[in-house]
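Biologist: Thanks for sitting down with me. Could you show me the model and walk me through the reasoning behind its labels?

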Amino acid sequence: MKIQYLILAVLSLSGLSAPERYARPAQIILVRHADKPLDPADPHLSPAGVERAKRLATFLATDPSMIKYGSPVAIFATQTTKHDDGQRTQETMVPLARKLGLQVQTPFLGKEYGALARMILSGSQYSGKTIVVCWNHETLPELAAALGVNPMPRKWKGAVFDQVYVITYAASGKAELRVLRYQ
């Protein structure tokens, strides 16, 4: 109990209240890019992937569980590399961005998921808001962990394109993960 009072005293002296200190987005939705083509050299979505991206946009913009804390205020995807990696994550988010009148932000490469997590968690403009992130499935569990999910989710299966991770934060700041499917 004394430690809690000490923490509150330090926060008070620093000018921060406990709620401000633990300000986090209300919800962070993590998705994998939509379906890829049969040709591994093609960096774009397949026709089925383009259709899935449209369905995903509708789900993220209208499903009550996705807009519980309001429509997304920011959309992030991986930055395109010199070898065209990152195209699919961006293309997957275009229908949602159009629906919401937002830009798809691409500040980081796929392997820089830790930097993205730090930016999102420290950005006061995201406090209490919904954020959507489309990333590579290989690093989505690590991104979830960097956003505070513990234990880290199991590996995202390569053939799974219709799943989302929904991260919310308890009053204590502890990250809670739900895994949902969409059509």
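Biologist: Which residues line the second largest pocket?

Modeller: This is a predicted model, and in it the lining consists of Pro153, Arg154, Lys155, Trp156, Lys157, Val160, Gln163, Tyr165, Val179 and Arg181. Strand 5 (163-169) and strand 6 (175-181) are the elements that each give two or more residues to that lining. The pocket's volume is about 190 Å³.

Biologist: What makes a residue count as lining the second largest pocket?

Modeller: A lining residue has an atom within 4 Å of a pocket point, and Trp156 is one of those on the list. By class, this lining has 5 nonpolar, 1 polar and 4 charged residues.

Biologist: What does the lining of the largest pocket look like by class?

Modeller: There you find 3 nonpolar, 7 polar and 7 charged residues. Its space is about 260 Å³. Of the 17 lining residues, His33, Asp85, Gly86, Arg88 and Asn136 lie nearest the centre. Helix 4 supplies the largest share of the lining, 3 residues.

Biologist: Why are helix 3 and helix 4 called oblique to each other?

Modeller: Happy to go through it! Helix 3 (residues 47-62) and helix 4 (residues 87-100) pack at about 45°. Angles under 35 degrees count as roughly parallel, and 65 to 115 as roughly perpendicular. The angle of about 45° falls in neither range, so the pair is oblique. Their axes are 8 Å apart, and the crossing is right-handed.

Biologist: How do you know which residues of helix 3 and helix 4 meet?

Modeller: Contact means heavy atoms within 4.5 Å. On the helix 3 side that picks out Ala53, Lys54, Leu56, Ala57, Thr58, Leu60 and Ala61, and on the helix 4 side Glu91, Thr92, Met93, Pro95, Leu96, Lys99 and Leu100. By class, this contact has 9 nonpolar, 2 polar and 3 charged residues.

Biologist: Where is proline 151 found, and what is the omega of the peptide bond leading to it from asparagine 150?

Modeller: Proline 151 sits in the loop between helix 6 (140-146) and strand 5. The bond from asparagine 150 to proline 151 has omega near 5° and is cis. Most peptide bonds are trans.

Definitions and conventions:
Residues are numbered from 1 along each chain as its sequence is written. This is a predicted model: local features need pLDDT of at least 70, side-chain atom pairs count only at pLDDT 80 or more; totals for chains, interfaces and linings use all residues. Side-chain values use heavy atoms; hydrogens and water are left out. Axes are lines fitted to C-alpha atoms, for helices over the stretch in contact, and angles run from 0 to 180 degrees between N-to-C directions. Helices (H or I, at least four residues) and strands (E, at least two) are DSSP runs, numbered from the N terminus. Angles under 35 degrees count as roughly parallel, over 145 as roughly antiparallel, 65 to 115 as roughly perpendicular and the rest as oblique. A crossing is left-handed if the near helix is turned anticlockwise from the far one by less than a right angle, and right-handed if clockwise. Ala, Val, Leu, Ile, Met, Phe, Trp, Tyr, Cys and Pro count as nonpolar, Asp, Glu, Lys and Arg as charged, and the others, Gly among them, as polar. On a 1 Å grid over the protein atoms alone, a cavity is a set of points where a 1.4 Å probe fits but cannot get out, and a pocket is an open set with protein on both sides within 12 Å along at least five of seven lines; lining residues have an atom within 4 Å of a point. Grid points are joined across faces, edges and corners, and a volume is the space filled by probe spheres set on the points.
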